[in-house]
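Got the viewer open? Here is a short tour, stop by stop, with something to select each time.

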Amino acid sequence: MKFTKLLATAAIALGLAGTAMAQDKTKVGFVYVGPVGDGGWTYEHNQGRLAVEEHFGDAVETVFVESVPEGPDAERVMTQMALDGASLIFTTSFGYMDPTINVAKKFPDVKFEHATGYKRADNVSTYSARFYEGRAIQGHIAGKMTESNIVGYIGSYPIPEVIRGINSAFIHARKANPDVQFKIVWAYTWFDPAKEADAAKVLIEQGADVILQHTDSTAPQAAAQSAGNVITFGQASDMSEYAPRPRVSSIIDNWAPYYIARTQAVIDGTWESTDTWDGIGPGMVGIGEITDAVPEDVKAEALALKDAIANGEYHPFTGPLNKQDGSAWLADGETADDGTLLGMNFYVEGIEGDIPQ
Amino acid sequence: MLTLEKRPQPSRLWTYLTPVVAVILTMLAGAVLFAFLGKDPVQSIRTIFWEPLFSEFAFYYRPQLLVKGAPLVLIAIGLSLGFRAGIWNIGAEGQYIIGAICGAGVGLAFYPMEAWFIFPLMVLAGALGGWAWAMIPALLKVRFGTNEILVSLMLVYVAEQLLASMSLGLLKNPEGFGFPGSRNLQQYPSAHNAELIAGSGMHWGVVSALVAVILAYILLNRHMLGFHIRLTGEAPRAARFAGVNPARLILFCLGTAGALAGLAGLFEVSGPSGQVSIDFNVGYGFTAIIVAFLGRLHPIGILLAGGLMALTYIGGEIAQSKLGLPAAAIQVFQGMLLFFLLAVDVTTNYRIRRVTREVA
Amino acid sequence: MDFGSINPILLLASLMVAATPLLLAAIGELVVERAGVLNLGVEGMMITGAICGFAIAVNTGSPIVGLVAAAAGGAALSLLFAVLTQFALANQVASGLSLTLFGLGLSALLGQGYQGIKPPPFPRVDIPLLSDIPVLGPILFRHDIVVYFGLALVAAVWWVLKNTRAGLILRAVGENHDAAHALGYKVVRIRILAIMFGGACAGLGGAYISLIRVPQWTEGMTAGIGWIALALVVFASWKPWRVMLGAYLFGGITVLQLNLQAAGVAIPVEYLAMSPYLITILVLVIMSADKSRAPAALGRSFHASQ
């Protein structure tokens, strides 16, 4: 068993060396969970890939495979990219975590970058974006703009990433407007336009005049538009086709700077395994233009909040904050540590309803 | 005018020739498609069919063909028994999911204990889970005469919801930072369906698929039950005179198909996939139906058809990353392959003849 | 928890909209199955209709032309299925599954370049006078024409199947194709027409999603509605009016569970989501005691020389 394993590894290493010598371009691979035309998550990663191509021109070749199911198929696609001479591979979905680690073991000379995961190795980095920083700004605008004091929130799955966004938005909406209430609906999908449209309609029918979404399609935007007096925020991509109303601002996943920097590091030979969790400051989270539908003073406050978060003066989770059950979480002036945020599985005080288990 | 005339015997020549003709036709049509998309057609076709088998990295792709093909073959073998007898189980996807949940559930219940008997128990649980899920349409058919196509299909959706519920609730990894999905069984040696020889792609699922092919072959050709299955499909009335018990046959065929699909799910979840997650199922249960028909419901044919399907998947992925073909183009290409295979298949059982139009 | 925040009038009104794509696809499939053909390719035809309708509507600026194109697109794709199953006598289950695979890929290819575009708006028709009736007005009379078209189509299919010669022939073909053939009916021709009708309806249902309900184009946007339509036909035990009932039940459960969630009611979403399928199975069992069964020739190939 040991011997054959050795053989296999040797064969793979040999194959790798063969192709690595044959080419002088740096090859960068991308593994996508959805189609590049999804208009949201995968679309933005692909924009990042295109930015890499544009930045480096002929020095870099990029390859990608789209709609790769999480599991053995992902592992095979990564292996195949590595065999084909890719020296850096971005795996852009949480579910690729274990496959990435597995493949990375077989190819110690290839660098891997896994999005949104928590497992690292010498040749595996992780990266994610502090989307909750953008949620804080959305929450502020939502609190100021709502007249019914009901904000609707479309969640995908009850996981820490989404719960963090809800908490961040809620805290800042409450600060702006003590009477605001959140109505939260779980769609149990990242992407199902018809269901997202239904969810948005339901929230609007139940009185929400602001819709926040943590699902990827523009269907809620369209639902808000046809309802009339409702505002929304773009998610993942700018969704500017719905500006200036209903879409009054957006959170944009901007992976391009990171992808370019990491590719450069591989070219320079300075790549190291890191854990990156960047927010508005380094530009990984972009705030789309705040439109004229938002009053000047609210816009100014929102931009001030954005600047404060960007330059590190303000952390969106700053105490005093209590958990939903009233127990103390953060003392006055204390900020949340990343570990708690990463595994966040509770609502903050004031949100009604339970997180589905 | 052309008409079809039924052959007294299926043509031996065409039985072997049709897959070849279909693949050639698909290559031609595919070449047109790829050229239309601005890709080099010859290179595209070569990448899909040649690279996985004979390129410099074939040492990696060939084992992957086993990994991708094994669940397809294992499920399709089970389905083919029923299909031969006119029992239409199209809910293998659901049986696959339930097999995985039951098997993984048993394994996770023992975590972190290490013992030799855990994996065999999981295998048993996986098979039983799939079997039980298939027994629902079987018993309903036997007892109430309900249509098994529809019941088994409905149960796929029920199984998918159960899977989501399990990934987010009961089986969720307690150390997974709240993310959906179970513990990874690959990191739990007693529950891991590891490669038997590293780098060979051979895991217990592949072994089971091969064993299933052999047993199905023996069953259909050498065994009374196999004869009954074939007879029921070909001549239901004669079968009844021959003393075939239809209820028993339904229970056997659906049960076997369910157990094999459940096994496939268990081997997948404990091996290549590693964990129960919301998107665990990737359509093997449905693709296996196509595989069963491509293989003409014959065990050896299914083995070859499963290999062919796996080849287009793996070759398609290579074509995507090497040539930048969109995933959609590969899907269309696979669709065309199936269409052509199904279409030319008619020549096996029918002769195409030119007739002068008669006045009716 | 706050049930009061659910507005039953708006709930029922949005239910009418949510049910429409299902209704259209299912009524088409019902006709196909009544003719004795099982086409599992509904999802593929729907998504093809969704992109055909979207592309044509964007290019012509007319959503109505788009809808027509969607029906044509769905019918064209279904013709592939018809050729396979009626001329080449291929297995219907396998052909239908292949059709879905093919349709999903084809639509994604056709749809490249249509992401992020807004289609021309679809006019909503407030029926004068009727739309002002309290309660009933907003529920029933303030929708787009496709909602009414869907309902009219159900009525038409019911009437044709029950009261016309064409309907009788269609059912005869579905019950016993050999007998129908012996009586001199063109089994294959009738089935092809039925399949194309089913394709057109599915295409229309798909376009309703991409042009009106969502409205936008994204790959895979029908997200399994075609499969639910298949379940619906069974649930309805092949009866047009029950298809309508079923569409409201299936569509309604989604809308209702979202409403309950928004109202703060803790519900196990997965279990609610599986309930329509369990109900369908239950209906199947109950129905087996009933006279109304599946068309006897469902899924069987027909060849005249046999």
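Two strands count as paired here if DSSP finds at least two bridges between them. Keep in mind that this is a predicted model.

**Stop 1: a strand with two partners**

With that rule in hand, select residues 231–234 and 247–253 of chain A. These are strands β9 and β10, and they pair in the parallel sense over three bridges. To find the register, zoom in on Phe233(A), which stands opposite Ser249(A) in β10(A).

Now add residues 285–288 of chain A. That is strand β12, which pairs with β10(A) in the antiparallel sense over four bridges. The pair to look at here is Ser250(A) and Gly288(A), the latter in β12(A), standing opposite each other.

How many of the residues of β10(A) are buried? Seven of its seven, so to speak a mostly covered strand.

**Stop 2: the helix alongside**

Next, pick helix α8 of chain A, residues 219–227. Colour Ala219(A), Pro220(A), Gln221(A), Ala222(A), Ala223(A) and Ala224(A): these are buried. The cover over the buried residues of α8(A) includes β9 and β10 from the previous stop, along with β6 (150–155), α7 (193–205) and β8 (210–213) of chain A. Step past the end of the helix and you reach Gly228(A), with a positive phi near 100°.

**Stop 3: one serine**

Select Ser168(A), in helix α6 (residues 160–176) of chain A. Is Ser168(A) buried or exposed? Ser168(A) is buried because 25 other C-beta atoms lie within 10 Å, against a cut-off of 20 or more.

Leave out the neighbours within four places in sequence and show the contacts of Ser168(A): Tyr132(A), Arg135(A), Ala136(A), Gly139(A), Pro316(A) and Phe317(A). You can also draw a distance to Phe131(A), which is 37 residues away in sequence and 9.5 Å away in space, C-alpha to C-alpha.

**Stop 4: zoom out to chain A**

Show the whole of chain A as a cartoon, and you have 11 helices and 14 strands. Its radius of gyration is 22 Å, close to the 21 Å that the globule rule gives for 357 residues, so chain A is as compact as a globular protein of that length. Its C-alpha atoms fill a box of roughly 70 × 40 × 35 Å along the principal axes. Colour by burial and 58% of the 357 residues come up as buried. Of the contacts between residues at least 6 apart in sequence, 65% join residues at least 24 apart.

For an annotation to overlay, select residues 25–313 of chain A: an unreviewed UniProt entry labels them "domain: ABC transporter substrate-binding protein PnrA-like". That span is 42% helix and 22% strand, and its end C-alpha atoms lie 42 Å apart.

**Stop 5: two domains**

Give separate colours to domain 1 (2–129) and domain 2 (132–253 + 285–342) of chain A, following the domain assignment. Their centres, taken over C-alpha atoms, are 33 Å apart. Where they touch, nine residues of domain 1 are in contact with 11 residues of domain 2. Helix α2 (residues 41–56) of chain A gives the largest share of the domain 1 side, three residues. That side divides into four nonpolar, three polar and two charged residues.

**Last stop: chains B and C**

Finally, bring up the contact between chains C and B, with 35 residues from chain C and 36 from chain B. On the chain C side, α3 (63–87), α4 (92–110), α10 (225–235) and α12 (269–287) each supply at least two residues. The most comes from α4(C), with 12 residues. By type, the chain C side has 25 nonpolar residues, nine polar and one charged.

How values were computed. Residues numbered from 1 in each chain as written. Chains lettered and ligands numbered in written order. Predicted model: local features only at pLDDT ≥ 70, side-chain atom pairs only at ≥ 80, totals over all residues. UniProt positions renumbered as here; feature names shortened; annotations may be inferred. Buried ≥ 20, exposed ≤ 12 C-beta atoms within 10 Å, placed from the backbone. Contact = placed C-beta atoms within 7 Å. Nonpolar A, V, L, I, M, F, W, Y, C, P; charged D, E, K, R; others polar. Rg over C-alpha atoms; globule rule 2.2 N^0.38 Å. Domains from an automatic or database assignment.
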